[in-house]
Amino acid sequence: MLPKQFDYYAPKSLSEALDLLSKKDDAKLLAGGQSLIPMMKLRLATPGTIIDISRIPDIRGINRKGDSVYIGSMERISEIASDKEVSLLLPALCDAASCIADTQVRDMGTIGGNIANADPSNDMPVVVLAYGAKLNVFSKSGSRNESSDSFFTGPYSTKVNSDEILASVEFNVKKARHGSAYSRVDRQVGDYALAACAAYLELDDNGRLSTVRIAASGCSDRAIRLEESEAVMLGKAPSKKLIKSASEKAYSSSKVEDSYYANAETKRRALSHVVEDALLMAVKRIR
Amino acid sequence: MKEAKPKIKINGKDYSATVEPRQLLVHFIRDSAGLTGTHIGCDTSNCGACTVLLDGKPVKSCTVLSVQADGHEITTIEGLSKDGSMDPMQKAFIEDNGLQCGFCTPGMIMEANYVLKKNPHATEAEIRKGLDGNLCRCTGYVGILKAIRSVQEKKK
């Protein structure tokens, strides 16, 4: 089907976009459109106004500034997947960006759209949680940084209000020895993940895990941190056995239910597999 | 605005039309520009029959609004043949039975060319991954892979 008719604006600045958002009741932001346009074609979404933010220069780019990597919300997934600095400094982000949907969708889709849309099975929220990234949100009254831990509030729901714009994501690159990775089991080719996990680990001078962040999708109504699995590993030296217990903890503490695409047991097994896989890769990458 | 007038360069030629903002790029290409080589297969962003290059990168034109492509450059299947002669991938698809009904073929060829351009030494697994967004109901992908591999071989 065709989308329902709408008014269309393509502002050239954040302030112009925010102004439009505040004036129009029934508006949706258009970034890459790879989630929004399919929904509009099915008329699951029928915004009266579309505000295309693809022509705002401030929200593009991948920039290293000191200890942080700033990625504009309009940055295309495929650009992130092929960025050398991202693959070296934020390998879990590179891994995840390479698995979203397919080539064509990755060329249009954006990191901001994937985060702000917050489909429970989206990949970027999981990565953002594992890295403890900060989300930079603009409103008419100014900008603020949101912590990733409290950012995802439910299915398709984040701390970005309907009159605000997610402008960029800030990843802090730590000096401590660390390793990170992303692992994903597909539902089917080009589809959402059945389960996915991003792991971020830091090692202290005694070879013990001083930071353990394990985030996952496919086990809740949003991307979450697996706190019980993290507790299993924190303060200990990494080993295959330790990783196995963390993944078994993920299996046993998972509160999934049957759904149309998989039953609970399948989801639990997929989850424990991606937890184990991501942790093994993250440990291997510790540098 | 309730009306839009996107200007889009397709295969090196400028096109412009007054359209509703909700017009999909695939309809601009097929109806406003009259280039019907790009197909609509599924309407749900799955099949990739509508694949074209937007500023050199493959996108599903059924999942892009014409207005998003305003001021940008598109290459469609029609843009591959220079002066009436086919490009190597088109020739290979014919010689190696890369098509039966031909409906997925334009999108498949656009994507195949991009996969090899991005990674000339792609393995079969990497080629298959690159084609994740292009579905074929006829061939079982055997002839398609064969055609792509033969183009890859010839380029060596």
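Start with the lining of the largest cavity in this predicted model, whose residues divide into 5 nonpolar, 2 polar and 2 charged. To display that lining, select A:Ala118, A:Asp119, A:Pro120, A:Pro125, A:Phe152, A:Gly154, A:Ser157, A:Arg222 and A:Ala223; the space that these residues enclose amounts to about 40 Å³. The structure holds 2 cavities of 30 Å³ or more, and the second largest, with about 30 Å³ of space, is the next stop.

For the second largest cavity, select A:Leu89, A:Leu90, A:Tyr131, A:Asn172, A:Val173, A:Lys174, A:His178 and A:Tyr200. Here the lining residues divide into 5 nonpolar, 2 polar and 1 charged.

Keep A:Lys174 selected and add A:Glu202, since the two form a salt bridge in which the closest N and O atoms are 3.3 Å apart. A:Glu202 belongs to strand β12 (residues 193-203) of chain A, whereas A:Lys174 sits in the loop between β10 (165-172) and β11 (177-186), so the pair ties together parts that are 28 residues apart in sequence. The two partners can also be coloured by accessibility: A:Glu202 is buried, its relative accessible area being 8%, while A:Lys174, at 37%, is partly exposed.

Next, select A:Asp149, A:Arg213, A:Arg225 and A:Glu230, which salt bridges with shared partners join into one network. Over all chains, a search of the whole structure finds 26 salt bridges. As a general point, side chains of opposite charge can pair when their charged atoms come close.

Move now to helix α1 of chain A, which covers residues 14-23, and show the side chains of A:Asp19 and A:Lys23, which meet in a salt bridge with an N to O distance of 2.6 Å. What separation along the helix lies between A:Asp19 and A:Lys23? They are separated by about one helical turn, because they stand 4 residues apart in this helix. On the accessibility scale, A:Asp19 counts as partly exposed at 26%, and A:Lys23 counts as exposed at 60%.

From there, go to helix α2 of chain A (residues 36-41), where A:Met39 lies. Select A:Met39 together with A:Leu42 and A:Leu44 and switch on the surface: these residues form a nonpolar patch, with about 300 Å² of accessible area together. A:Met39 itself has 32% relative accessibility and therefore counts as partly exposed.

Two backbone positions are worth a stop as well. In chain A, select A:Tyr156, which lies in the loop between β8 (152-154) and β9 (157-158). The phi angle of A:Tyr156 is near 60 degrees, which is a positive value in a residue other than glycine, and the residue is partly exposed, with a relative accessible area of 48%.

In chain B, the corresponding selection is B:Ser45, placed in the loop between α1 (25-32) and β3 (51-54). Its phi is likewise near 60 degrees, a positive value in a residue other than glycine. Is B:Ser45 buried or exposed? At 14% relative accessibility, B:Ser45 counts as buried, because the cut-off for that class is under 20%.

Finish in chain B with B:Lys156 and B:Glu153, which form a salt bridge whose closest N and O atoms are 3.2 Å apart. With a relative accessible area of 65%, B:Lys156 is exposed.

Definitions and conventions:
Residues are numbered from 1 along each chain as its sequence is written. Chains are lettered from A and ligands numbered from 1 in the order in which they are written. This is a predicted model: local features need pLDDT of at least 70, side-chain atom pairs count only at pLDDT 80 or more; totals for chains, interfaces and linings use all residues. Side-chain values use heavy atoms; hydrogens and water are left out. Patches are made of residues with over 30% relative accessible area and no salt bridge: like charges are joined within 9 Å, nonpolar side chains (Val, Leu, Ile, Met, Phe, Trp, Tyr) within 5 Å. Accessible areas come from the Shrake-Rupley method with a 1.4 Å probe; for residues, only the protein chains shown count as cover. A salt bridge is a side-chain nitrogen of Lys or Arg within 4 Å of a carboxyl oxygen of Asp or Glu. Buried means under 20% relative accessible area, exposed over 50%, partly exposed in between (1.4 Å probe, protein chains only). On a 1 Å grid over the protein atoms alone, a cavity is a set of points where a 1.4 Å probe fits but cannot get out, and a pocket is an open set with protein on both sides within 12 Å along at least five of seven lines; lining residues have an atom within 4 Å of a point. Grid points are joined across faces, edges and corners, and a volume is the space filled by probe spheres set on the points. Ala, Val, Leu, Ile, Met, Phe, Trp, Tyr, Cys and Pro count as nonpolar, Asp, Glu, Lys and Arg as charged, and the others, Gly among them, as polar.
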